[in-house]
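Me: I am new to this structure and would like a close look at a single part of it. Could you start with the empty space inside, and then walk me outward from there?

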Amino acid sequence: MSSQPPPEDLRPNPEALLRQAAQEGRGRLKVFLGAAPGVGKTYEMLTEAVARKREGTDVVIGVVETHGRAETEALVHGLEVIARRPVDYQGRTLSEMDVDAILARRPQLVLVDELAHTNAPGSRHDKRYQDVEELLAAGIEVYSTVNVQHLESLNDVVASFTRVRVRETLPDRVIENADIEVIDIPPDELIERLKQGKVYVPAEATRALGNYFSKSNLTALRELALRRAAQAVDAEMLDYLRAHALAGNWAAGERIVVAVSEQSGAAELVRAAKRIADALRGPWTVVHIETPRSSQLGDADNARLAATLHLASQLGAQVATVPAETVVDGVIRFAAEARATQLIVGKSQRSRWFELRHGSVVDRLVRETPGITVHVLPMEEQAPVAAPTGRKKAQWGRPADYVISFGLIALVTLVGEVVFTAASIANVGLLFLLPVMIAASRYGLRLGIVCSLVASLAYNFFFIPPTHTFTIQDPQNILTVLVLLGVAVVSSQLAARARDQARSPSAALRRTARSPVSPASSQRSAMPRSSPGCSAERWAGCLACTRCCCCRKKTSWCCAPPSRPMRGWKRSNWPPRAGSSTIISRPDVGPIR
């Protein structure tokens, strides 16, 4: 196992605790996951239900499809069956699970086969998994079955090699909080069962053997099922570790974190990380560290960074942006939170003088991440780009900023003259720290340093004998001026740093609003669950509602629950569609996520 994080970092993760608390009072869902029809999911579910009934559990069948298999039907006879509800559709009578009857009966455990089933039109819910969610909310435990090809995230993957597009799918979130039991048999054994007529009738079995049930397809589906179950177990373990503040990587599987920046070689780094993740067969996350320096990035850098994160999401990575004081601190903290086992970073070509002045991020990461394998990939050297004129002015400040700052120094000098003349107070120099800190906190570090020099000169000119000259007779006064200058410079640095930290989150939010990230990638960027992000779900949690809407008003963001429309919104657009995480915004600013 890996190194332990510092004791102060060992505290339970609030979001993991909230997820555990949300499960209290709800029923537990257990999913019997199979690679293909005929592996024995329904049979295993019924077998376990019969065993639970012998132990005294109140078990009923909500819906079970036996498909005419004698051994499966034999297990059904020993259990209570809730009659299905008839549904008239286009002159035919269909039967669906009767949710109301189950809720009125309130058993301890109900069996619901084929979780991805689509209900008949006119039913309360469109999909059977929505019926199951209602049962779980009522505190009823549910056993259900599903094949791996019905998972929405794997739909395209399965279609790529089976040449069959599965129409009935369910969101992966349905099984994320479920107990998963994989029902697995070797492909040869399943093919033999198919030939014996234990899965389909002979005519259908012959057709299936020549198409979907080939050994290559079954082997690939089996691998997908086992891999998906392993991912669910790993996610459950990480949630437990975060909720109980347990240290270490717990490297039962590989977890890959890729740190990217706005540099031009970041896209190549993401593609290389994708190849490494495929080779290691592990989940991977692309993270960007938001530092105070990020607020100084130009439009070209922001666009390049947004394109890199969009590329990562298209390649299947989970994307996160984390605020931190330095890149190294942010990467180390995020890697520890994600329990990463592999860290991938890029190293650009820097001069020896640059590394002596600023240090090497890669060297610090290698030293300060014991227990994590660090992959260092070379990146192409970024061509120097001349800073735009507007950006230089913004760094050095506007003329009006200097006028206000020097005016504050003049005001402090006037006040000091009055105090010094009236009370003969010697330490008037401390008053000059006020305009320095105000200038640094409002206008930045450079203007703060300029003000510290001007303030020192003003103190020398007006208060150190001989006054009204820059001459200093007493050597002790030289030390006083130098100390004042040093304290003023340090104070301006601290004030400027606090200013940058305060502005960093809002700058990140503005860049997120401008980023051309697709809605699909925005949904994937929610991982890791502890990472910060601007999402409807997060704001809804803060507002104590199930969903919310956000809009931008000039330079600020405003969020509200669906019950309180904001000014400028059309009443017809409020509230948003239930279950949707899309944020409907005002027509003049467009939607954000």
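Reply: Happily! The largest cavity has a volume of about 50 Å³. Keep in mind as you look that this is a predicted model. With a threshold of 30 Å³ or more, the structure holds one cavity. A word on how such a space is found: rolling a probe the size of a water molecule over the atoms shows where empty space is left.

Let's see what surrounds that space. The lining of the largest cavity is made by Ala35, Ala36, Val39, Asp184, Ile185, Pro186, Pro187, Leu190, Leu218 and Arg222. Sorted by class, eight of the lining residues are nonpolar, two are charged and none is polar. Two helices each give at least two residues to this lining: helix H8, covering 187-195, and helix H10, covering 215-243.

Now step along the chain to some charged pairs. Arg28 and Asp179 form a salt bridge through their side chains, with N and O 2.9 Å apart. Arg28 sits in the loop between helix H1 (14-23) and strand E1 (29-34), while Asp179 belongs to strand E8 (residues 179-183), so this pair ties together parts that are 151 residues apart in sequence. Arg28 has 30% relative accessibility and counts as partly exposed. Asp179 is partly exposed too, with a relative accessible area of 29%.

A second pair involves Lys30, which forms a salt bridge with Glu48; their closest N and O atoms are 2.7 Å apart. This pair links distant parts of the chain, with Lys30 in strand E1 and Glu48 in helix H2 (residues 41-54), 18 residues apart. Are these two residues, Lys30 and Glu48, buried or exposed? Both Lys30 and Glu48 are buried.

For a pair placed within one helix, turn to Glu368 and Arg364, whose side chains meet in a salt bridge of 3.1 Å, N to O. The two residues are four apart in helix H15 (residues 361-368), which means that about one helical turn separates Glu368 and Arg364. Glu368 is partly exposed at 35% relative accessibility, and Arg364 is partly exposed with a relative accessible area of 30%. Returning to the buried pair, salt bridges that share partners join Lys30, Glu48 and Glu181 into one network. Across the whole structure there are 22 salt bridges.

Some loops are worth a stop as well. Arg106 lies in the loop between helix H4 (99-105) and strand E6 (109-112), and Arg106 is partly exposed, with a relative accessible area of 48%. Although Arg106 and Asp58 are 48 residues apart in sequence, their C-alpha atoms are 9.1 Å apart in space. Gly253 offers another example of this kind of contrast: Gly253 and Ala340 are 87 residues apart in sequence and 9.5 Å apart in space, C-alpha to C-alpha. You will find Gly253 in the loop between H10 and strand E9 (256-260). H10 is also one of the helices that supply the cavity lining. Gly253 has a relative accessible area of 28% and is partly exposed.

Next, look at the backbone. Most residues other than glycine have a negative phi. Glu114 has a positive value instead, with phi near 55 degrees. Its place is the loop between E6 and helix H5 (128-137), and Glu114 counts as partly exposed at 29% relative accessibility. Arg339 also has a positive phi, near 55 degrees. Arg339 is found in the loop between helix H13 (327-337) and strand E12 (342-347). How much of Arg339 is accessible? The value is 9%, and because buried means under 20% relative accessible area, Arg339 counts as buried.

We can finish on the outside. Leu411, Leu414, Val415 and Val418 make a nonpolar surface patch of about 370 Å². One of these residues, Val418, is part of helix H17 (residues 399-423). Why does Val418 count as exposed? Its relative accessibility is 53%, and exposed means over 50%, so Val418 falls in that class.

To retrace the route: we began with a cavity of about 50 Å³, followed salt bridges such as that of Arg28 and Asp179, paused at loop residues including Arg106 and Arg339, and ended at the nonpolar patch that includes Val418.

Conventions
Residues are numbered from 1 along each chain as its sequence is written. This is a predicted model: local features need pLDDT of at least 70, side-chain atom pairs count only at pLDDT 80 or more; totals for chains, interfaces and linings use all residues. Side-chain values use heavy atoms; hydrogens and water are left out. On a 1 Å grid over the protein atoms alone, a cavity is a set of points where a 1.4 Å probe fits but cannot get out, and a pocket is an open set with protein on both sides within 12 Å along at least five of seven lines; lining residues have an atom within 4 Å of a point. Grid points are joined across faces, edges and corners, and a volume is the space filled by probe spheres set on the points. Ala, Val, Leu, Ile, Met, Phe, Trp, Tyr, Cys and Pro count as nonpolar, Asp, Glu, Lys and Arg as charged, and the others, Gly among them, as polar. Patches are made of residues with over 30% relative accessible area and no salt bridge: like charges are joined within 9 Å, nonpolar side chains (Val, Leu, Ile, Met, Phe, Trp, Tyr) within 5 Å. Accessible areas come from the Shrake-Rupley method with a 1.4 Å probe; for residues, only the protein chains shown count as cover. A salt bridge is a side-chain nitrogen of Lys or Arg within 4 Å of a carboxyl oxygen of Asp or Glu. Buried means under 20% relative accessible area, exposed over 50%, partly exposed in between (1.4 Å probe, protein chains only).
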